[in-house]
Amino acid sequence: MSTQPLRIAVQKSGRLLDESIELLRECGIKIDNGRDQLKAPARNFPVEVLYLRNSDIPQYIQDGVADIGILGENTIIEKGKQVDIVQQLGFSKCRLSVATPKGMPYAGLATLQGKRIATSYPNSLRAYLAANAIEAEIHEISGSVEIAPNIGLADAICDLVSSGSTLFKNGLEEQEVVLRSEAVIAASPRMDAGRRAILDQLLFRVKAVLEARN
Ligand code: PRP
Ligand code: MG
């Protein structure tokens, strides 16, 4: 068996980070330090944690720079990378939705024809609009998307919705669900046998943790 640890990519910051680390902790994996270091080994299990930017994780997994990652399915779909989803995790459930300002008349998808839509998910939105034969102008912005209509940058937005409170606070109404997502473990298609064996042990523990939660 390889002596190389399994490299696990997690979000450096963001909503998934705490639950990802908590999952590993419940699997009995103790990680030294944490966010200050970008790479942290575990003390009692042959894994190391890489803290990376969420949007970079699919590429790192595809390239085998990280062996596995804990991330949202939505990010994998958006980036279109070749990774294997090996475990659904049941947390960080959200949807990618189109929303419009309250008061803007909305009569179905056709309303979006010719409109400007701000999003951090241009590929997912483009595919959805194309599948529905809608032509709209997509404005890619990397965060705080919900502010776009208020500042005159867009007529509508397409962003993640979890509790719905960000939409509500910004006077937006959810109109269409583009896709649904939750956290998953994704694995690199190119992993050596030693690391695959560590992954199998880890997945065995993860399944037990998830079963105990239900
Ligand atoms: C995410 C997402 C939405 C919000 C949805 O943003 O982009 O804006 O959470 O959650 P809610 O429905 O529970 O309000 P985040 O706060 O992570 O920041 P960012 O968009 O600036 O990355
Ligand atoms: Mg946001």
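This report walks through a predicted model of one chain and its ligand, from the overall layout down to single residues.

**The whole chain**

Let's start with the big picture. The chain has 6 helices and 11 strands, and its C-alpha trace spans about 60 × 35 × 30 Å along the principal axes. Of the 214 residues, 36% are buried. If you take the contacts with a separation of 6 or more, 65% of them come from residues 24 or more positions apart.

The domain assignment splits the chain into domain 1 (6-92 + 182-213) and domain 2 (94-180). Their C-alpha centres lie 29 Å apart. The contact between the two takes 5 residues from domain 1 and 7 residues from domain 2. On the domain 1 side, the residues that touch domain 2 divide into 1 nonpolar, 3 polar and 1 charged.

**Three helices with a buried side**

Three of the helices are worth putting next to each other. Here is what each one buries and how far around the axis those residues reach.

| Helix | Buried residues | Arc of the buried residues |
|---|---|---|
| H1 (15-26) | Leu16, Ser20, Ile21, Leu23, Leu24 | 155 degrees |
| H4 (122-131) | Ser124, Leu125, Leu129 | 125 degrees |
| H6 (193-213) | Arg195, Ile198, Leu199, Leu202, Val206 | 100 degrees |

Take H6 to begin with. What span should its 21 residues give at 1.5 Å a residue? The expected value is 30 Å, and the end C-alpha atoms are indeed 30 Å apart, so the two agree. The buried residues of H6 are Arg195, Ile198, Leu199, Leu202 and Val206. Their arc is only 100 degrees around the axis, so they sit on the same side of H6. The other side of H6 carries the exposed residues Ala193, Asp200, Phe204, Lys207, Glu211 and Ala212. As for partners, the buried residues of H6 pack against helix H1 and against the strands E1 (6-11), E3 (47-52), E4 (68-72), E5 (84-88) and E11 (183-187).

H1 tells its own version of the story. Leu16, Ser20, Ile21, Leu23 and Leu24 are its buried residues. They fall within an arc of 155 degrees when seen down the axis, so they line one face of H1. Asp18, Glu22 and Arg25 are exposed on the other side of H1. The cover over the buried residues of H1 includes E1, E4, E11 and H6. After H1 comes glycine 28, with a positive phi near 85 degrees.

Now for H4. Ser124, Leu125 and Leu129 are buried here, and they line one face of the helix because they fall within an arc of 125 degrees. Ala130 and Ala131 are exposed on the face of H4 turned away from that buried side. The elements covering the buried residues of H4 include helix H3 (73-79) and the strands E6 (94-101), E7 (116-119), E8 (137-140), E9 and E10 (172-181). H4 is followed by alanine 133, which also has a positive phi, near 55 degrees.

**Two residues up close**

Is isoleucine 185 buried or exposed? It is buried, because 22 other C-beta atoms lie within 10 Å and the cut-off for buried is 20 or more. Isoleucine 185 lies in strand E11. Leaving out residues up to four places away in sequence, isoleucine 185 touches Ile68, Ile70, Val86, Gln87, Leu89 and Val206. Among these, Val206 is one of the buried residues of H6. Isoleucine 185 and glycine 72 are 113 residues apart in sequence, but their C-alpha atoms are 8.6 Å apart in space.

Tyrosine 128, in helix H4, counts as partly exposed because it has 19 C-beta neighbours inside 10 Å. Its C-alpha atom and that of glycine 108 are separated by 14 Å, with the two residues 20 apart along the chain.

**Around the ligand**

Finally, the ligand. Which residues come nearest to ligand 1? Of the 13 residues around ligand 1, they are Gly143, Leu160, Ser162, Ser163 and Thr166. Strand E9 (156-161) and helix H5 (165-169) each supply at least two residues of the shell, and E9 gives the most, with 3 residues. By type, the shell around ligand 1 divides into 2 nonpolar, 8 polar and 3 charged residues.

Key:
Residues are numbered from 1 along each chain as its sequence is written. Chains are lettered from A and ligands numbered from 1 in the order in which they are written. This is a predicted model: local features need pLDDT of at least 70, side-chain atom pairs count only at pLDDT 80 or more; totals for chains, interfaces and linings use all residues. A residue is near a molecule or strand if its C-beta atom, placed from the backbone, lies within 6 Å of it. Helices (H or I, at least four residues) and strands (E, at least two) are DSSP runs, numbered from the N terminus. Ala, Val, Leu, Ile, Met, Phe, Trp, Tyr, Cys and Pro count as nonpolar, Asp, Glu, Lys and Arg as charged, and the others, Gly among them, as polar. Domain bounds come from an automatic or database domain assignment. The expected span of a helix is 1.5 Å times one less than its number of residues. A residue is buried if 20 or more other C-beta atoms lie within 10 Å of its own, exposed if 12 or fewer, and partly exposed in between; C-beta atoms are placed from the backbone. The arc is that of the directions from the helix axis to the C-beta atoms.
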